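User: I should like to learn how to read the features of a structure such as this one. Could we begin with charged side chains?

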Amino acid sequence: MGGNPIQFDYTVVATVLSFLLLVWLLSKKAWGPLMKMMEERRTHIESMLSQAENERQQAEQIKHEYQEEMRKARQEAQEVIAKATKVSEARAAEILAESHVEAEKIKKSALVDIERERDRAISEVKAQVADLSVLVAEKIIRQKLDMKSQGQLIEQFIQEVGDMQ
């Protein structure tokens, strides 16, 4: 072993050159596509996040629109109910007033009928009294009466009037 103390080993150079060649090949063939794939993945994730945010905002907008429509629908329903209530109350008052008017008409008609019947009854009673008076006068004229016969005739007349009623 007596050779040269400074001996150069080519295997180290070959290893370094192999490593550098491997790094260069990886950077040209693997690193670029790997980085490109990572960038595409990052871009895809960002676009998905952006799309998700847009969809969330749209959903929020739709939710607000839905809530506003529901509020309007409730308000319209309350207005319809209030209007229907007013109309029904007005109609009920109208029907009540009509029924009062009709009741008054019926009452007046009944009073007129009662008055007419009373007048007719009075007329009939007057006619009966007149007829009876004529009969009594006729009987008195036909008979010569003494006081006793006249009392019996009056009693008979009162009884006949009582039987007629």
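Analyst: A salt bridge is counted where a side-chain nitrogen of Lys or Arg lies within 4 Å of a carboxyl oxygen of Asp or Glu. Side chains of opposite charge can pair when their charged atoms come close. The model here is predicted. In it, Arg-42 forms a salt bridge with Glu-39, and their closest N and O atoms are 2.2 Å apart.

User: Where do Arg-42 and Glu-39 lie, and how many residues apart are they?

Analyst: Both belong to helix α1, at a spacing of 3 residues, about one turn of the helix. Arg-42 is partly exposed, with a relative accessible area of 39%, and Glu-39 is likewise partly exposed, at 38%. The pair is also part of a network of salt bridges that links Glu-39, Arg-42 and Glu-46.

User: How many salt bridges does a search of the whole structure find?

Analyst: The search finds 10. Among them, Arg-120 forms one with Glu-117, the closest N and O atoms being 2.7 Å apart. Arg-120 also meets Glu-124 in a salt bridge, at 2.3 Å from N to O.

User: Why are these partners of Arg-120 separated by about one helical turn?

Analyst: Arg-120 and Glu-117 are separated by about one helical turn because they are 3 residues apart in helix α1. For Arg-120 and Glu-124 the separation is also about one helical turn, because they are 4 residues apart in helix α1. Arg-120 counts as partly exposed at 42% relative accessibility, as do Glu-117 at 43% and Glu-124 at 40%.

User: How should the overall fold be read, and is the protein spread out or compact?

Analyst: One starts with the secondary structure: the protein has 2 helices and 0 strands. Its radius of gyration is 64 Å, well over the 15 Å that the globule rule gives for 165 residues, so the protein is more spread out than a compact globule. The C-alpha trace spans about 210 × 30 × 20 Å along its principal axes. Buried residues make up 2% of the 165 residues.

User: Which residues form a nonpolar patch on the surface?

Analyst: The patch consists of Val-12, Val-13, Val-16, Leu-17, Phe-19, Leu-20 and Val-23, with about 620 Å² of accessible area together. Val-23 lies in helix α1, which covers residues 10-142, and is partly exposed, with a relative accessible area of 40%. For the protein as a whole, the accessible surface comes to about 15000 Å², of which 63% belongs to carbon and sulfur atoms.

Technical notes: Residues numbered from 1 in each chain as written. Predicted model: local features only at pLDDT ≥ 70, side-chain atom pairs only at ≥ 80, totals over all residues. Heavy atoms only, no water. Rg over C-alpha atoms; globule rule 2.2 N^0.38 Å. Buried < 20%, exposed > 50% of the residue type's maximum accessible area, 1.4 Å probe, protein only. Areas by Shrake-Rupley, 256 points an atom, 1.4 Å probe, with all protein chains shown as cover. Patch = residues over 30% accessible without salt bridge, like charges linked within 9 Å, V, L, I, M, F, W, Y side chains within 5 Å.
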